[in-house]
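Okay, thanks for coming, everyone. Let me put the model up and we'll walk through cysteines and charges.

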Amino acid sequence: MCNQLILGDNLEIMKTLPSESIDLIYIDPPFFSNRNYAVIWGDKGEIRSFKDIWSGGIETYINWLYERVEEIHRLLKPTGSFYLHCDWHANAYIRVHILDKIFGEKNFRNEIIWIYDTAGRTKKNFNRKHDNIFWYSKNSKKWTFNGNVKGVGIERKASNHMRLGEDKNGRKFYEKTDKNTGKVYRWYLDKFKIRNDCWKDIKAMNSEPADIIFLNALNRGAKERIGYPTQKPEALLERIILVSSDENDTVADFFVGGGTTIIVAERLNRNWIGVDSSVAAIKVTENRLYKEKNLFQRPFSVKIHKYDFDNLNNMNAFEFEHFAIEQFGGIPNKKQRSDLGIDGIKIIDNEKFYIQVKQSKKIGRNVVDNFKSAIDRKKSKNGFILAWSFGRGAISEIARLKREDNYNIQLIEIKTFIPISKKPKIDVNIENQGNTFKFDAAKTESEIGIEFFSWDFDFKDDFKPDILLDKTGFAEKKFKKGKYKVACKCVDLDGLDNIEIIDINVNS
Ligand SMILES: C[S@@+](CC[C@H](N)C(=O)[O-])C[C@H]1O[C@@H](n2cnc3c(N)ncnc32)[C@H](O)[C@@H]1O
């Protein structure tokens, strides 16, 4: 399995994955159904929609999650580990009614308490300042535990490509040099900013492999924050991944959200799978991976459900035939030439149906006649012609062949078996006052609607967005003197994207 991001309901996707194939699974499920994922854009959305959607009460929620955890259990290797991230809303129910039942009490390893210090004071009860992360192993005898890690847990297991260092203030970091550009990337180990003085003593406990973690939640200004409201800190995932997996193990997150697990797994040289039912989540995670692309040696695939019309139409003819026939459930010809008008076959009830593919619109009568001759040579009367669309001549010729000679040739429009969409058409308007530029992509056209924009203000060969997730289509940037390429990427509601690259010249 290669590294992959998959769009879809995790239950359906998990059913397609092989048993005992994953070493570590972390999930951070929402308190609302994916049917309403849009509410995650409002910070208070989670709780409000929990009440709205799980109207059957906690029981409905637990049943929904139960089926998913059952699949997770099947997917884990015998030595694998499962981390489930939750909080006071449902933690008690989840442990007793899901985890103990599926994994067994004896496989409970820890309840990790993540303590954060976020703003917000309550008057009638204590402030809620922690999340609960349950860790279960699949097996009660053997599991991975790299427990002697220090700090956020990266010292001992830092990857071969990483160098551990300390800056002049004594802050420890690990860093990696990009082979192509020579640019140095650095991650600090002490991402623990504890606000109250009294916490400082406790902070030392972070360096023990204890079941409490002091780590601030990502505030609005946090550098790693990408605008995904439920995003979890990278340091938290670093600890989990380092402790419960080794290099080249496979790590999965089936509620991937903004992709924190995937980014950290990639940095730490783990293989990974990320699933989410939200287009925004999958595409934001993809962009987040691109942003650090030079660090990544291994390719990854992104599976969404739609195909872009222009991309298919511009595909080389043989590739297109092959792709269309496979999507149609047929067997494409291996040979590229001398197919004598036959591109593949489909077997239906033990009968052979010959297939011809045309990458064009309004197929005429001549195509039908040539195809008839081709299947005559095969001594068959059955076949399919696949094309974007058919003209009247072709349709009436098919009817005549059926009436007069009992031919069973069917004309099939490609859009009936390949989900096609048109990627957005980007239109960026630029205004500047001196070296401050305003970019306005509001006129971008999309048939289905726009999910979000991303901006790279200094595009070189690869898209490395400075703004990952922009719902507005407006961006403003102050440049230093020079020539730049600004790239605007637009992602539509199906996850299809398009990019426009604009040259700008800053004189002042
Ligand atoms: C709390 S967020 C995860 C945040 C993530 N841990 C991060 O650091 O960014 C939960 C995610 O689960 C996704 N989700 C909800 N129901 C789902 C389902 N049935 N299948 C797949 N993903 C689902 C939502 O779209 C949302 O992105």
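So, how many disulfides does the structure hold? Zero, taking a disulfide as a pair of cysteine sulfur atoms within 2.5 Å. Take C488: the nearest cysteine sulfur, in C490, sits 6.7 Å away, and that's too far for a bond. C488 is buried at 0% relative accessibility, and C490 is buried at 0% too. Buried here is under 20% relative accessible area, exposed is over 50%, and partly exposed is in between, with a 1.4 Å probe and protein chains only.

Quick caveat: this is a predicted model, so local features need pLDDT of at least 70 and side-chain atom pairs 80 or more, while totals for chains, interfaces and linings use all residues. Numbering runs from 1 along each chain as its sequence is written, and side-chain values use heavy atoms, leaving out hydrogens and water.

Now salt bridges, meaning a Lys or Arg side-chain nitrogen within 4 Å of an Asp or Glu carboxyl oxygen. There are 22 of them. One is R68 with D9, at 2.9 Å, N to O. R68 is in helix α3 and D9 in the loop between β1 and α1, so the pair ties together parts 59 residues apart in sequence. (Helices, H or I with at least four residues, and strands, E with at least two, are DSSP runs numbered from the N terminus.) R68 is buried at 4%, whereas D9 is partly exposed at 25%.

Another is K283 with D497, at 2.8 Å. Helix α8 holds K283 and strand β26 holds D497, so this pair ties parts 214 residues apart.
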